[in-house]
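User: I am new to this structure. Please show it to me, and then I will ask how its labels are earned.

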Amino acid sequence: MGDIFDYISWRGDLNWAQSPFCPVDALALSALAYIHLDGLVPAGLEDPVPLRRAAEQYLSLPAGRRARCRCERDLLLLQALADSPRFARAELCGHADRFVPSEETQFAALTVLPGDGSAYLAFRGTDGTLVGWKEDFNLSFMDLVPAQMEAATYVEALGSSFSGPLRLGGHSKGGNLAVAGAALCSVKTRDRIQAAYSFDGPGLNSYLLARSGYQELRTRIRSFVPKSSVVGLLLTHEEPHTVVDSDQEGLFQHDLYSWQVLGGDFVRLEEVDAGSRLVDRTLKNWLAGLTNAQRETVADTLYQLLSSGDAKTVKEALEPKNLVSALRASLDADPKDLLTVASSLGQLAGAALRAL
């Protein structure tokens with residue numbers, strides 16, 4: 001068994017005719033969406049940039065500019081793709097990056113033209129910012145979050161400019177955006193979508209599940225989750241999912257680089273493990289016991305407290321000085337809101353005990 005790097009090394013000299021597009025290709029291209037290629041890749045389809053050139057330009061940037069990169073392995077993946085004939089000649093275009101804290105919006109996407117006549121629309125997952133995580137929480141009580149509407153607009157715009165078959169995909173929230181964008185776009189565009197890949201992405205709420213777009217798309221959704229999935233089982237999935245083996249444990253299996261690959265496919269398992277099923281029951285029972293208004297209050301209150309200091313990311317919010325700021329801010333918070341938060345956390349503990 002190996003990982004995505006082994007796959008790129010093994011399949012890297014095969015063109016798309018010799019080895020057609022597969023789910024592991026989709027995962028590799030989805031990971032590209034995490035890299036901040038603004039200024040290096042055009043926003044439209046005109047003058048697409050070869051992946052190798054974009055990689056060389058990005059990797060030659062000063063360390064401070066690359067500091068925005070999510071993790072070191074994203075840089076290693078970019079270099080591996082650039083060194084691989086299969087991917088190096090792919091062209092990049094359609095770069096979009098919209099981050100608006102006042103609207104609680106974090107959206108980014110990238111279009112890849114692999115060279116097989118299709119386009120792959122890759123959506124970025126949550127980026128670690130408080131705004132990004134707040135928008136994730138909003139999924140539990142809003143019919144549509146801004147990023148999902150941005151995804152639909154993106155799919156429609158790229159679909160109207162590109163005449164070939166389309167594939168969509170993303171990791172984590174990016175998977176949710178790929179499915180939502182495909183479900184919300186026009187019938188004319190959706191009919192050209194061959195597949196929408198969701199790699200451990202949250203499901204959808206009842207509003208989107210009931211839409212005709214989702215029902216039309218459902219047989220083309222390719223949902224993959226690791227054996228101890230948590231994120232990928234959130235909300236509701238009506239489409240089946242494929243369980244993938246991982247060399248990590250628990251929540252760390254959300255890391256796409258831990259997923260196991262054998263040949264041209266993932267190492268597939270029969271079902272998620274008992275721990276994943278336990279967490280899934282716990283969270284679903286907990287959310288079922290909260291009204292949408294209560295979910296909104298919990299999300300808004302926690303966000304206001306955690307962002308009361310200098311923190312911009314979840315990691316920064318957990319630093320001692322910012323935790324102190326959050327505690328101070330709680331003194332000025334509405335007691336009713338704090339009570340709702342405390343009560344909901346108590347319900348979460350109760351749901352966990354019932355699941356056990």
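What follows is a short exchange on strands, burial and empty space.

Analyst: This is a predicted model, in which local features need pLDDT of at least 70 and side-chain atom pairs count only at pLDDT 80 or more, while totals for chains, interfaces and linings use all residues. Residues are numbered from 1 along each chain as its sequence is written, and side-chain values use heavy atoms, with hydrogens and water left out.

User: What makes the sheet open, and what is its strand order?

Analyst: Nine strands form an open sheet with mixed pairing, in the order β1-β2-β3-β4-β5-β6-β7-β8-β11. The edge strands are β1 and β11 (268-269), and each pairs on one side only. Strands are DSSP runs of E, at least two residues long; helices are runs of H or I, at least four long; both are numbered from the N terminus.

User: How do you know that β4 and β5 pair, and in which sense?

Analyst: Two strands pair if DSSP finds at least two bridges between them. Strand β4 (residues 119-123) and strand β5 (residues 166-171) have five bridges, in the parallel sense. That meets the definition, so they count as paired. In β5, Tyr-120 has Arg-167 as its bridge partner, and Phe-123 stands opposite Gly-170.

User: Which helix packs on the sheet and touches β5?

Analyst: Helix α9 does, touching β3, β4, β5, β6 (193-199) and β7 (221-226). Contact means heavy atoms within 4.5 Å. The direction of α9 makes about 150° with that of β5. Axes are lines fitted to C-alpha atoms, for helices over the stretch in contact, and angles run from 0 to 180 degrees between N-to-C directions.

User: How do β3 and β4 run, and how many bridges join them?

Analyst: They run antiparallel, joined by four bridges. Leu-110 stands opposite Ala-122 in β4. The two strands form a hairpin with five residues between them, and Gly-115 in the turn has a positive phi of about 120°.

User: Why is β4 called largely enclosed?

Analyst: Buried means under 20% relative accessible area, exposed over 50%, and partly exposed in between, using a 1.4 Å probe and protein chains only. Five of the five residues of β4 are buried, so the rest of the structure largely encloses this strand. Ala-119, Leu-121 and Phe-123 point one way, Tyr-120 and Ala-122 the other. In a regular strand, side chains alternate between the two faces of the sheet.

User: Why is Gly-44 called partly exposed?

Analyst: Its relative accessibility is 25%, so Gly-44 falls between the two cut-offs. Gly-44 lies in the loop between α2 (23-32) and β1 (49-50). Not counting residues up to four places away in sequence, Gly-44 touches Cys-93 and Gly-94.

User: What makes a space a cavity or a pocket?

Analyst: On a 1 Å grid over the protein atoms alone, a cavity is a set of points where a 1.4 Å probe fits but cannot get out. A pocket is an open set with protein on both sides within 12 Å along at least five of seven lines. Lining residues have an atom within 4 Å of a point. Grid points are joined across faces, edges and corners, and a volume is the space filled by probe spheres set on the points.

User: How many cavities are there, and what volume has the largest pocket?

Analyst: There are five cavities of 30 Å³ or more, and the largest has a volume of about 50 Å³. Helix α9 (residues 173-184) gives the most to that cavity's lining, with three residues. The largest pocket has a volume of about 1800 Å³. Of its 49 lining residues, the closest to its centre are Thr-126, Trp-133, Asp-136, Phe-137 and Val-314.
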